Amino acid sequence: MMDSVDFLLRDWMDLDDIEEIGRLCRAAGNFRAEEVNVAQELGLEWLAQKEKSGYHFLLAEHSKRVCGFICYGPVPCTRWSWDVYWIVVDPAWQGRGVGRALIQEAEARILKMGGARIYIETSSQDNYQGSRAFYSHLGFNRQTSIPDFYGPGDGKVIYVKIDVTSGPGDLDEQKPNVKVKEMTDV
Ligand SMILES: CC(C)(COP(=O)(O)OP(=O)(O)OC[C@H]1O[C@@H](n2cnc3c(N)ncnc32)[C@H](O)[C@@H]1OP(=O)(O)O)[C@@H](O)C(=O)NCCC(=O)NCCS
């Protein structure tokens, strides 16, 4: 990772950012058009309802240009489980700490909001190998996989990071391992 990074994280968006989300997803090269549409629809949901949408966004920005984003939210009907729905970094910015900053800031915010289980689902296919390695590297544990979930030969792999320093305190069998880092900008 670079010694000094020069991007900002923000937790708000405007309409122009919906196009930026689409641009980043298309540039990533591993999402189908319908998946890109879904990412943008979640952004539109957030614009319409903010946190009542059930989605939270963080955008990484450099020189007023979006270079990465993460979308996450609480899993309905659970006491403390949250999903990371999307994380994408502009290829020109990959490998420079943007993804780590996005995940760590999301983790800190989830913990503050009482979350204690953070789940990420991804594909088992080869073009997601880098993403799976990234999640493992950042302390997410591969919990399970479901063969052929997305399609023939395309399984779902579920990662989880667990922390019990916040959230309901009656399940003491789990050990905390989510690092909280305060970061309004980096
Ligand atoms: C996965 C992704 C978000 C990672 O973002 P990034 O900004 O490149 O990651 P970072 O530079 O912050 O890397 C953080 C750490 O993970 C490690 N890492 C990142 N990619 C890795 C890989 N492919 N293999 C192993 N380790 C990796 C880095 O070495 C770094 O380690 P360090 O902080 O200890 O030095 C980015 O590659 C991406 O957008 N991919 C395409 C979209 C995608 O597939 N998203 C996930 C959908 S499920």
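Strands S3 and S4 run antiparallel and are joined by seven bridges. This is a predicted model, and the pairing described here is read from its coordinates. S3 covers residues 65–74, and S4 covers 81–89. Across this pairing, Phe69 stands opposite Val88 in S4. The two strands form a hairpin with six residues between them. In that turn, Cys77 has a positive phi of about 70 degrees.

S3 also pairs with S2. Seven bridges join S2 to S3, and these strands run antiparallel. Leu58 stands opposite Ile70 in S3. Leu59 stands opposite Phe69 in S3. So Phe69 has a partner in S4, Val88, as well as the facing residue Leu59, and S3 is largely enclosed by the rest of the structure because seven of its ten residues are buried. The hairpin of S2 and S3 has two residues between the strands. Ser63 takes a positive phi near 50 degrees there.

Now move on to S2 itself, residues 56–62. Five of its seven residues are buried, so S2 too is largely enclosed by the rest of the structure. S2 pairs with S1, residues 8–10, in the antiparallel sense over three bridges. Leu8 stands opposite Glu61 in S2.

What is the order of the strands in the sheet? The sheet is open and runs S1-S2-S3-S4-S5-S7-S6, with mixed pairing. S1 and S6, the latter at 141–151, stand at the edges. Each has a single partner strand, so one side of each is left without a neighbour in the sheet. From one strand to the next, the twist averages 25 degrees. Helix H1, residues 15–28, packs on this sheet and touches S2, S3 and S4. The direction of H1 makes about 95 degrees with that of S3.

Further along the sheet, S5 (residues 117–123) meets S7 (residues 154–162). Seven bridges join them, and they run antiparallel. Glu121 has Ile158 in S7 as its bridge partner.

Step back to the whole chain. It has four helices and seven strands. From the N terminus on, the elements run β-α-α-β-β-β-α-β-α-β-β. The chain has 186 residues, and 33% of them count as buried. Among contacts with a separation of 6 or more, 56% join residues 24 or more positions apart.

Next comes the interior. In soluble globular proteins, nonpolar side chains tend to be buried together. In this model the largest nonpolar core has 40 residues. Which residues have the most contacts inside it? They are Ala60, Phe69, Ile70 and Leu102. Helix H3, residues 98–112, gives this core its largest share, seven residues.

Ala60 shows how the parts meet. Leaving aside neighbours within four places in sequence, Ala60 is in contact with Phe7 and Leu9. Val66, Cys67, Gly68 and Phe69 are also among its contacts. So are Val98, Ala101 and Leu102.

Ile103 gives a view from the helix side, as it lies in H3. Is Ile103 buried or exposed? It is buried, because 23 other C-beta atoms lie within 10 Å, and 20 or more is the cut-off for that class. Outside its neighbours within four places in sequence, Ile103 is in contact with Ile70, Ile87 and Leu138. Ile70 is also one of the core residues with the most contacts, and that same residue faces Leu58 across the strands. Ile103 and Tyr72 are 31 residues apart in sequence. In space, their C-alpha atoms are 9.7 Å apart.

The last stop is the ligand. There are 20 residues around it. Gln94, Gly99, Arg100, Gly130 and Ala133 come nearest. Which elements each supply at least two residues of this shell? They are S4, H3 and helix H4, which spans 129–137. H4 gives the largest share, five residues. By class, the shell has nine nonpolar, nine polar and two charged residues. H3 thus appears in two places: it supplies residues to the ligand shell, and it gives the core its largest share.

Note on methods
Residues numbered from 1 in each chain as written. Predicted model: local features only at pLDDT ≥ 70, side-chain atom pairs only at ≥ 80, totals over all residues. Core = buried A, V, L, I, M, F, W, Y, C linked by C-beta atoms within 7 Å. Buried ≥ 20, exposed ≤ 12 C-beta atoms within 10 Å, placed from the backbone. Contact = placed C-beta atoms within 7 Å. Near = placed C-beta within 6 Å. Nonpolar A, V, L, I, M, F, W, Y, C, P; charged D, E, K, R; others polar. Pairing = 2+ DSSP bridges. Axes fitted to C-alpha atoms, helices over the stretch in contact; angles between N-to-C directions.
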